[in-house]
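User: I am new to this structure and should be grateful for a close look at its open sheet. Please explain how the strands are arranged and what lies around them.

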Amino acid sequence: MTDHAIYMQEALGLAAQALFLSNPNPRVGCVLVDAQGRVIGRGFTQQAGGPHAEVMALRDAAAQGHSTEGATAYVTLEPCAHHGRTGPCCDALIAAGVQQVVGAMTDPNPLVAGQGFARLRAAGVAVQVGPGATEAHELNIGFFHRMQRGLPWVRLKAAASLDGATALGNGLSQWITSPAARDDGHHWRARACAVLTGIGTVLADDPQLNVRAVATPRQPQVVVVDSRLRIPLDAKVLRAASACIIYTSSTNQPKIEALQALGTTVIQLPNTQGQVDLAAMVRDLAQRQINELHVEAGAILNGALLAQGLVDELLLYLAPQLLGLGCRGIAALGPLEQLSQGVALQLHDVAQVGPDLRVLARCVRG
């Protein structure tokens, strides 16, 4: 492994520490290395509005009494070149006397999009792009998807038996998978900007949909699809740490006002069938800076999202158990007449979590 690769791997490890922290900003890590090859500063992006990775690394170097003159900065994403809630990171690196920047990827944000690297080169800083690109993209798959396609990365999570049952015919589902799998699922909730469910799940289970099994500085937004506004005013999701968003096709103004009085955002997005326009909902969530949308819903909403091509990835926990006929499935997609009508998937990762399998599969676009 080259020196560039070694230092970039450390920067990627730092970026991973921002996984639960930096939304909606990308997860970025930065390592500063002096001319002798010593790491003199480390940093990762803080909460939105806080310092970016490069500034944190520069502060770390200063706190240790290190000069950054002539140093090389390894960053997992192009340093920003615009004024947002913080100043341009490329200017901070130039002012610090950094001699070289090794970046994993160009920032897809139109406000940056190569301008950070261009400004560094114009100031005489050597720039190399490419090491660690695959890993950097995976860490920020939702951010890239939103910037490039105007949509969040939609990840549908389900827990099922090996033959695809998510619950018995009588609705009993607790617990098909192990505590280890459920805790692992909370890691995926924590990295998401929002958790989406349907009114059927709310009425049946009254879930909290928050992160409890892992430490996190922020809770994801809770989003509910509720065409007829059947949600009870005492539902747990309405007491979430971040105000709940409900998408509906209802015109029930008294219920809308009652929900708004609780701090809930109610958005009317009807389609021609009187249901919620799911495609418009997903686009609206992107405009609300949702990078990763984590779906934990029932078979009907899961099936509708899959049928409309709105799901990018499935996160499946499969228990080593068979539950047979008469059970509820992951998604209501059928009945189909041809095998080609099914949702084509490509396995991305398979791992054992406790006694269960965790399968990450990505939808194949035609």
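Analyst: The account below begins with the sheet as a whole and then turns to its parts.

The model is a predicted one. Its open sheet is formed by nine strands, and the pairing among them is mixed. Read across the sheet, the order is E11-E10-E9-E8-E12-E6-E13-E16-E15. The edges are held by strand E11 (265–268) and strand E15 (345–353); each has a single partner strand, so one side of each is left without a neighbour in the sheet. From one strand to the next, the twist averages 20°. As a general matter, the strands of a sheet pair through backbone hydrogen bonds, either parallel or antiparallel.

Strand E9 offers a convenient place to examine the pairing. On one hand, E9 (residues 221–225) pairs with strand E10 (residues 245–248) in the parallel sense, over three bridges. Within this pairing, Val 223 stands opposite Ile 245 of E10. On the other hand, E9 also pairs with E8, again in the parallel sense, over five bridges. Here Val 195 stands opposite Val 222 in E9. Between E8 and E9 the chain passes through helix H8 (residues 199–205), and this β-α-β crossover is right-handed. E9 is mostly covered, since four of its five residues are buried.

Two helices that lie across the sheet come next. Helix H11 (residues 299–307) lies across E6, strand E8 (194–198), E9, E12, strand E13 (313–319) and E16. Its direction makes an angle of about 115° with E8. Helix H6 (residues 141–149) lies across strand E6 (153–161), strand E12 (292–295) and E16, and runs at about 135° to E6. Strands E6, E12 and E16 thus appear in the lists for both helices.

Strand E16 (residues 356–363) includes Arg 362. Is this residue, Arg 362, buried or exposed? Its relative accessibility is 15%, and because buried means under 20%, Arg 362 counts as buried. Leaving aside residues up to four places away in sequence, Arg 362 touches Glu 138, Ile 141, Trp 153, Asp 312, Glu 313, Ala 344, Leu 345, Gln 346 and His 348. Among these contacts, Ile 141 belongs to the range of H6, Trp 153 to that of E6, and Glu 313 to that of E13. Leu 345, Gln 346 and His 348 fall within the edge strand E15.

The nonpolar cores complete the picture. The largest has 46 residues, and those that touch the most other members are Cys 30, Leu 32, Ala 73, Leu 93, Val 98, Val 101 and Leu 120. Helix H1 (residues 3–16) supplies the largest share of this core, six residues. Apart from it lies another core, of 36 residues, which includes Tyr 247, Ala 297, Ile 330 and Val 359. Two of the residues named for this second core can be placed in the sheet: Tyr 247 lies within the range of E10, and Val 359 within that of E16.

Key: Residues are numbered from 1 along each chain as its sequence is written. This is a predicted model: local features need pLDDT of at least 70, side-chain atom pairs count only at pLDDT 80 or more; totals for chains, interfaces and linings use all residues. Side-chain values use heavy atoms; hydrogens and water are left out. Buried means under 20% relative accessible area, exposed over 50%, partly exposed in between (1.4 Å probe, protein chains only). Contact means heavy atoms within 4.5 Å. Two strands pair if DSSP finds at least two bridges between them. Axes are lines fitted to C-alpha atoms, for helices over the stretch in contact, and angles run from 0 to 180 degrees between N-to-C directions. A crossover is right-handed if, with the strands pointing away from the viewer, the path from the first strand over the helix to the second runs clockwise. A nonpolar core is a set of buried Ala, Val, Leu, Ile, Met, Phe, Trp, Tyr and Cys residues joined through side-chain atoms within 4.5 Å.
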